[in-house]
Each structure stands twice: as C-alpha cells, then as structure tokens.
Amino acid sequence: MQVAAGFAQFFLHDKCTAQYPPQPDTCLHDRLHEQSFTFGGKPGTVYDVTLRIRGIFEPTTITGGDTPNPAHPYFKVGGTVSTVDWSQWGIEVSEPKQTYWLNHYPSVGHTIYKEDFEATIAVAAGATVVIRVADGNDREIDNGKIAPDRQQIIPGIVDHPLAGQMLRIDLVRVKTK
C-alpha cells in the first residue's frame, strides 16, 4: 500500500471564489486544480490499484473511451472531453498512459451528483499521477446552494455542505498486475 500512498485519504475541494448573479445556482471558481505525486514500487512493475471514489460533481460528457463497470457509467477509461465548459474530474497516469474520468454523464445540466464507487486503475512504478479538475469557464454548479440535488455531504469526511464541488479518494488495495 505504501507504493500508492499519494492516493490515501486524498481530498480536493474546488471552492467557490465568488457568487455569479446571472446564474444563481452557480458560483465563480478557479478553472484548474491539480495535485500530482510519483507512484512508488519496483521498477518495471505495473500495479492494479483499487480506489474508493467519493465525489460531489457536476456532469460532463466524455466521447469514446471504455466503461469498465456498467453499474458505474460515470467512470470512463480514456476518451475525450466533449463539453469543455463543464468541470471534468479525472486521474491521469503517465505509465501506462491513461486518463480515468470520474464524472461522465450522458448530458450536462445544472445538477450535482453524489458518487461513491470503487474503480481499479493501472499504474506503473515511477509513474506520475495527476488528480485534476479542469473547467473551460469560470463557473461551476454550486453544491452550497439550496436545491433538491444540493447541500450534499460525504459522511465522515465532510459533515456539512461545502460550496463548490469535491473529491475524496481512499486506497482500497494494491496488487501486482
């Protein structure tokens, strides 16, 4: 598990920076947040890393790629962003090179989704892992607003609603591929 320590109890909060009156269910935010780390392990070894992903996200749409678990269609392996003005949450691995998307939905809209699922990704020893949220505009759907899909929490992690959106990753298991 030590080789994948960068995933352990990872938390990223895309905070609101100001209100956006023309769309009161959104807020202004920084368009890019990312954190990276170098994956450990024995050189030449690829690992299957199982992660618990919990997030409070707006939708985006990914074209192409694979959906490894039909029960969790919002998790996509590969593909390209087709809705750049909506926040895209993902994990990028340098080796084997791949992007894992965490918030793919069939359509976009002013909705907040709460997800809690496990996913297994491949990571080679020495790879750079980047966990990122990017957005093509300066607005995001705000979980802090009062609406039927808002004011959500991640129990035990965030016990009161936060404005903006968020991601929590916990390390479940690491095994040699």
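Throughout these legends, buried means under 20% relative accessible area, exposed means over 50%, and partly exposed lies in between (1.4 Å probe, protein chains only). The views show a predicted model, in which local features need pLDDT of at least 70 and side-chain atom pairs count only at pLDDT 80 or more, while totals for chains, interfaces and linings use all residues. Residues are numbered from 1 along each chain as its sequence is written, and side-chain values use heavy atoms, with hydrogens and water left out.

**View 1. Surroundings of Leu-51 in strand E5.** Leu-51 belongs to strand E5, residues 46-57 (strands are DSSP runs of E with at least two residues, numbered from the N terminus). With a relative accessible area of 1%, Leu-51 is buried. Leaving aside residues up to four places away in sequence, its contacts (heavy atoms within 4.5 Å) include Phe-7, Ile-91, Phe-117, Ile-121, Ile-169 and Leu-171. Glu-118 is also among the residues that Leu-51 touches, and the C-alpha atoms of Leu-51 and Glu-118 are separated by 5.4 Å although the two residues are 67 apart along the chain.

**View 2. The open sheet with the strand order E1-E14-E5-E11.** This open sheet consists of four strands with antiparallel pairing, where two strands pair if DSSP finds at least two bridges between them. Strands E1 and E11 (113-124) form the edges, and each has a single partner strand, so one side of each lacks a neighbour in the sheet. From one strand to the next the twist averages 20 degrees, as given by angles, on a scale from 0 to 180 degrees, between the N-to-C directions of axes fitted to C-alpha atoms. Strand E1 (residues 10-14) pairs with strand E14 (residues 165-176) in the antiparallel sense over five bridges, and in this pairing Phe-10 stands opposite Ile-169 of E14. E1 is nevertheless largely enclosed by the rest of the structure, because four of its five residues are buried. Strands E5 and E14 run antiparallel and are joined by 10 bridges; Tyr-47 has Thr-176 in E14 as its bridge partner.

**View 3. Aromatic pairs and an aromatic cluster.** The whole structure holds eight aromatic pairs, counted where ring centres of Phe, Tyr and Trp (its six-membered ring) lie within 6.5 Å, with planes under 30 degrees apart called stacked, over 60 edge-to-face and the rest tilted. Phe-39 and Tyr-47 form a tilted pair, with 5.6 Å from centre to centre and 50 degrees between the planes. Phe-39 is buried at a relative accessible area of 2%, and Tyr-47 is buried at 9%. The rings of Phe-57 and Trp-89 also make a tilted pair, because their centres are 5.1 Å apart and their planes stand at 45 degrees. Since Phe-57 lies in strand E5 and Trp-89 in strand E9 (residues 88-94), this pair ties together parts that are 32 residues apart in sequence. Phe-57 counts as buried at 0% relative accessibility, and Trp-89 is buried with a relative accessible area of 0%. One aromatic cluster is formed by Tyr-74, Phe-75, Tyr-100, Tyr-105, Tyr-113 and Phe-117.

**View 4. The disulfide between Cys-16 and Cys-27.** One disulfide is counted by the rule that two cysteine sulfur atoms lie within 2.5 Å. The disulfide joins Cys-16 to Cys-27 with an S to S distance of 2.0 Å, and the link is left-handed, at -70 degrees about the S-S bond. Because Cys-16 lies in strand E2 (residues 16-19) and Cys-27 in strand E3 (residues 26-29), the pair ties together parts that are 11 residues apart in sequence. Cys-16 is partly exposed, with a relative accessible area of 21%, whereas Cys-27 is buried at 0%.

**View 5. Salt bridges between parts of the chain.** The count comes to nine salt bridges, each a side-chain nitrogen of Lys or Arg within 4 Å of a carboxyl oxygen of Asp or Glu. Arg-132 forms a salt bridge with Glu-34, and their closest N and O atoms are 2.7 Å apart. This pair links distant parts of the chain, with Arg-132 in strand E12 (residues 128-134) and Glu-34 in strand E4 (residues 32-38), 98 residues apart. Arg-132 is partly exposed at a relative accessible area of 23%, and Glu-34 is partly exposed at 41%. In a further salt bridge, the closest N and O atoms of Lys-177 and Asp-48 are 3.2 Å apart. Here Lys-177 belongs to the segment after E14 and Asp-48 to strand E5, 129 residues apart. Lys-177 is exposed, with a relative accessible area of 61%, whereas Asp-48 counts as buried at 17%.
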